[in-house]
Amino acid sequence: MDPRTDDVAVEHFMDWLRDAHAMEQQAETMLTSMARRLENYPDLKLRIEQHLEETRQQARLLATCIERRGGDTSSLKDLVGKAVAMGQGLSGMFATDEVVKGAMFSYAFEHLEIAAYRNLIGAARTVGDTETQQVCERILAEEEAMADWLERHQDSIAARYLELSRVPGAQAKR
Ligand code: MG
Ligand code: FE
């Protein structure tokens, strides 16, 4: 038996990789529904579409890391994550300030991702998986860039929402 297969750090590392994969699938569902619904916020829509592409690639990269380490990605968590994301997407649609709540939630979600990849980078270093460490560093940079974009645009999104809300017949919420 490979002495590393029962190493507790290796097991946690695999769990965290799977969690991250589920998180990216959840992100893909949420970003897809946000991008599809946005009409009057073209900059936000474009940035979300860019990050959606990054997110799909992140999920693929993680799956590759998981499989290289001998794990599989067809977990129950992925399905649960998708269902949760669907619920979040649906609840957001009923908010009268959908775009504002969506931007807020996205900002929080990016920081959840940032924290997850920092954990993974530390764990990858611990177990000596340089390739996965590099993948997670690359993904971390994309999450930080998205969080930074949202941070810089949050006030203008809220201001535009309030402006459009004053215009009769305008679709301010998305
Ligand atoms: Mg991500
Ligand atoms: Fe992200």
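This is a short talk on one chain and the two metal ions bound to it.

Hi everyone, thanks for coming. One thing before we start: what you have in front of you is a predicted model. Please keep that in mind throughout.

Let me begin with the overall layout. The secondary structure of this chain amounts to five helices and zero strands. Reading from the N terminus, the order of elements is simply α-α-α-α-α. The chain has 174 residues, and 43% of them count as buried.

Now, how do the helices pack? As a reminder, two packed helices are described by the angle between their axes and the distance between the axes. I have three pairs to show you.

Take α1 and α2 to begin with. Helix α1 covers residues 8–37 and helix α2 covers residues 42–68; their axes are 9 Å apart, at an angle of about 155°. Angles over 145 degrees count as roughly antiparallel, and α1 and α2 are therefore roughly antiparallel to each other. Their crossing is left-handed. If you sort the residues in this contact by class, you get 13 nonpolar, five polar and seven charged.

Next, α4 and α5. Here the axes come within 8 Å and cross at roughly 160°, so once again we call the two helices roughly antiparallel. The crossing of α4 and α5 is left-handed. In the contact of α4 with α5 there are 19 nonpolar, five polar and eight charged residues.

The third pair is α2 with α5. Their axes lie 11 Å apart and the packing angle is about 160°, which means that α2 and α5 also run roughly antiparallel to each other. The crossing of α2 and α5 is left-handed too.

With the helices in place, let us turn to the metals. Which protein donors does the magnesium ion, ligand 1, have? They are Glu24 (OE), appearing twice, then Gln58 (OE1), Glu113 (OE) and Glu143 (OE), at 2.0 to 2.3 Å from the ion. Along the sequence, these donor residues follow the spacing E-x33-Q-x54-E-x29-E. The site links distant parts of the chain: glutamate 24 sits in helix α1 and glutamate 143 in helix α5, residues 130–166, and the two are 119 residues apart. Are these two buried or exposed? Glutamate 24 counts as buried because its relative accessibility is 0%, and glutamate 143 is buried as well, with a relative accessible area of 0%.

And the iron ion, ligand 2? Its coordination comes from His51 (NE2), Glu110 (OE), listed twice, Glu113 (OE) and Glu143 (OE), at 2.0 to 2.8 Å. For iron, the spacing of the donor residues is H-x58-E-x2-E-x29-E. Histidine 51 belongs to helix α2 and glutamate 113 to helix α4, so this pair ties together parts that are 62 residues apart in sequence. Histidine 51 and glutamate 113 are both buried.

How far apart are the two metal ions, and which glutamate coordinates both? The magnesium ion and the iron ion are 3.1 Å apart, and glutamate 113 is a ligand to each of them. Glutamate 143 also appears in the magnesium donor list and in the iron one.

Let me stay for a moment with glutamate 110, one of the iron donors. Glutamate 110 is found in helix α4 and is buried, with a relative accessible area of 3%. Here are two C-alpha distances from glutamate 110, in case you want them for your own geometry checks. To aspartate 148, the distance is 9.4 Å, across 38 residues of sequence. To alanine 27, it is 9.2 Å, across 83 residues. Alanine 27 itself is in helix α1, and at 3% relative accessibility alanine 27 counts as buried.

One last stop, at glutamate 98. This residue lies in helix α4, which spans residues 98–127. Is glutamate 98 buried or exposed? The cut-off for buried is under 20% relative accessible area, so glutamate 98, at 12%, counts as buried. Its side chain makes a polar contact of 2.8 Å with the side chain of arginine 37.

To wrap up, the picture to take away is five helices, with a magnesium ion and an iron ion 3.1 Å apart and glutamate 113 coordinating both. Thanks, and I am happy to go back to any of the views.

Technical notes:
Residues are numbered from 1 along each chain as its sequence is written. Chains are lettered from A and ligands numbered from 1 in the order in which they are written. This is a predicted model: local features need pLDDT of at least 70, side-chain atom pairs count only at pLDDT 80 or more; totals for chains, interfaces and linings use all residues. Side-chain values use heavy atoms; hydrogens and water are left out. Helices (H or I, at least four residues) and strands (E, at least two) are DSSP runs, numbered from the N terminus. Buried means under 20% relative accessible area, exposed over 50%, partly exposed in between (1.4 Å probe, protein chains only). A polar contact is a pair of N or O atoms within 3.5 Å; within protein, one must be able to donate a hydrogen and the other to accept it, and residues adjacent in sequence count only if both atoms are side-chain atoms. Axes are lines fitted to C-alpha atoms, for helices over the stretch in contact, and angles run from 0 to 180 degrees between N-to-C directions. Angles under 35 degrees count as roughly parallel, over 145 as roughly antiparallel, 65 to 115 as roughly perpendicular and the rest as oblique. A crossing is left-handed if the near helix is turned anticlockwise from the far one by less than a right angle, and right-handed if clockwise. Ala, Val, Leu, Ile, Met, Phe, Trp, Tyr, Cys and Pro count as nonpolar, Asp, Glu, Lys and Arg as charged, and the others, Gly among them, as polar. Donors are N, O and S atoms within 2.8 Å of the metal (3.2 Å for Na, K and Ca); water is not among the atoms, so sites may look incomplete.
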